[in-house]
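Student: I would like to go through this model and ask, for each label attached to it, what reasoning stands behind the word.

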Amino acid sequence: MLDPAGPSAHAIALVWWWMFGVFCVVLVGVTVAWLLAMRSRRSWAPGDAERAGRRWIVGGGIVLPSVAVAALLIFGSSAGLHQLPLPGGQAASLRIDAIGHQWWWEIHYPDAGTSLRNEMRIPVGRPVDVHTQSRDVIHSFWVPRLGGKLDAIPGRTLVVRLQADAPGVYRGQCAEFCGLGHAHMVMTVRAMPADDFDAWMRTQKGAP
Ligand SMILES: [Cu+2]
């Protein structure tokens with residue numbers, strides 16, 4: 001996840017690093033405040049302690065979380081826009097169905113009418129809309145280096161957009177506990193040069 005290989009994954013990694021940075025600042029701030037409090041020899045007038053306590057509750061319990069959550073929402077939303085085709089937005093040229101089964105992934109190409117098992121082939125440099133479904137329990141489709149994580153829920157179809165910047169093999173993993181075989185519910189994503197991918201799609205059309 002921290003070694004992103006496409007624009008969707010880059011956006012997520014960026015949010016992660018920002019969160020990590022802010023958390024570090026918060027950790028240092030809280031630790032310093034705690035050390036100062038431990039060393040303080042100040043004597044409090046009656047009523048002062050209550051007032052100071054209220055200030056901390058308002059500042060640290062209401063203002064700080066509101067600012068932090070708002071900032072996260074702004075950053076997170078822009079990253080989220082990379083992960084999905086927006087209503088009214090352009091659909092990616094390629095649709096792939098990722099159907100979860102206990103415990104394997106059925107990767108179906110509606111255009112070619114063909115399916116792969118635990119293997120997904122995608123063209124490099126083109127956005128791909130992955131439509132997740134499930135035939136039994138809730139699974140979760142996740143290729144950490146290429147994009148966001150999305151549940152595969154029985155009776156529903158959800159869409160996540162992936163893109164690979166360079167040819168290569170990327171690991172995908174079911175990310176929702178789905179029974180005894182969950183840990184082994186692994187998938188390989190093969191990002192191929194676009195020409196090779198198109199040639200492969202042509203061989204699949206009409207293949208049994
Ligand atoms: Cu699963």
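Student: What makes the contact between Arg145 and Asp3 a salt bridge?

Tutor: In this predicted model, the side chains of Arg145 and Asp3 approach to 3.4 Å, N to O, and because the cut-off is 4 Å between a side-chain nitrogen of Lys or Arg and a carboxyl oxygen of Asp or Glu, the pair qualifies. Arg145 lies in the loop between strand E6 (139-141) and E7, and Asp3 in the segment before helix H1 (7-39), so the salt bridge ties together parts that are 142 residues apart in sequence.

Student: Why are Arg145 and Asp3 called partly exposed?

Tutor: Partly exposed covers the range between the limits of under 20% for buried and over 50% for exposed; Arg145 has a relative accessibility of 30% and Asp3 a relative accessible area of 46%, so both names fit that middle class.

Student: How many salt bridges does the whole structure hold, and what can be said of Asp48 and Arg51?

Tutor: The search finds 7 salt bridges. In the one between Asp48 and Arg51, the closest N and O atoms are 2.9 Å apart, which is within the 4 Å limit. Both residues belong to helix H2 (residues 48-83), where 3 residues, about one turn of the helix, separate them. Asp48, with a relative accessible area of 27%, and Arg51, at 44%, are each partly exposed.

Student: What makes Glu119 buried and Arg190 partly exposed, although they form a salt bridge with each other?

Tutor: The class follows from accessibility: Glu119, at 17%, is under the 20% cut-off and therefore counts as buried, whereas Arg190, at 33%, falls between 20% and 50% and is therefore partly exposed. Salt bridges that share partners join Glu119, Arg121 and Arg190 into one network. The closest N and O atoms of Glu119 and Arg190 are 3.1 Å apart, and the pair links strand E4 with strand E10, 71 residues apart.

Student: How do you know that the buried residues of H3 share a side of the helix?

Tutor: The buried residues are Phe197, Trp200, Met201 and Gln204, and they cover an arc of only 100° around the axis, which puts them on the same side of H3. Asp195, Arg202 and Thr203 are exposed on the other side of H3. The cover over the buried residues includes E1, E2, strand E3 (114-117), E4 and E10.

Student: Which residues of the largest nonpolar core touch the most other members, and which element gives the largest share?

Tutor: Of its 33 residues, Trp105, Ile107, Tyr109, Met120, Ile122, Phe141 and Leu146 touch the most other members. Several elements each supply at least two residues, including strand E1 (94-101), strand E2 (104-109) and helix H3 (194-204), while the largest share, 4 residues, comes from E10. Leaving aside residues up to four places away in sequence, Tyr109 touches, among others, Phe197, Trp200 and Met201, residues that are buried in H3.

Student: Why are Cys174 and Cys178 called buried, and how many disulfides does the structure hold?

Tutor: Cys174 has a relative accessible area of 2% and Cys178 one of 3%; both values are under 20%, so both residues are buried. The structure holds 0 disulfides, which means that no pair of cysteine sulfur atoms lies within 2.5 Å.

Conventions
Residues are numbered from 1 along each chain as its sequence is written. This is a predicted model: local features need pLDDT of at least 70, side-chain atom pairs count only at pLDDT 80 or more; totals for chains, interfaces and linings use all residues. Side-chain values use heavy atoms; hydrogens and water are left out. A nonpolar core is a set of buried Ala, Val, Leu, Ile, Met, Phe, Trp, Tyr and Cys residues joined through side-chain atoms within 4.5 Å. Buried means under 20% relative accessible area, exposed over 50%, partly exposed in between (1.4 Å probe, protein chains only). Contact means heavy atoms within 4.5 Å. The arc is that of the directions from the helix axis to the C-beta atoms.
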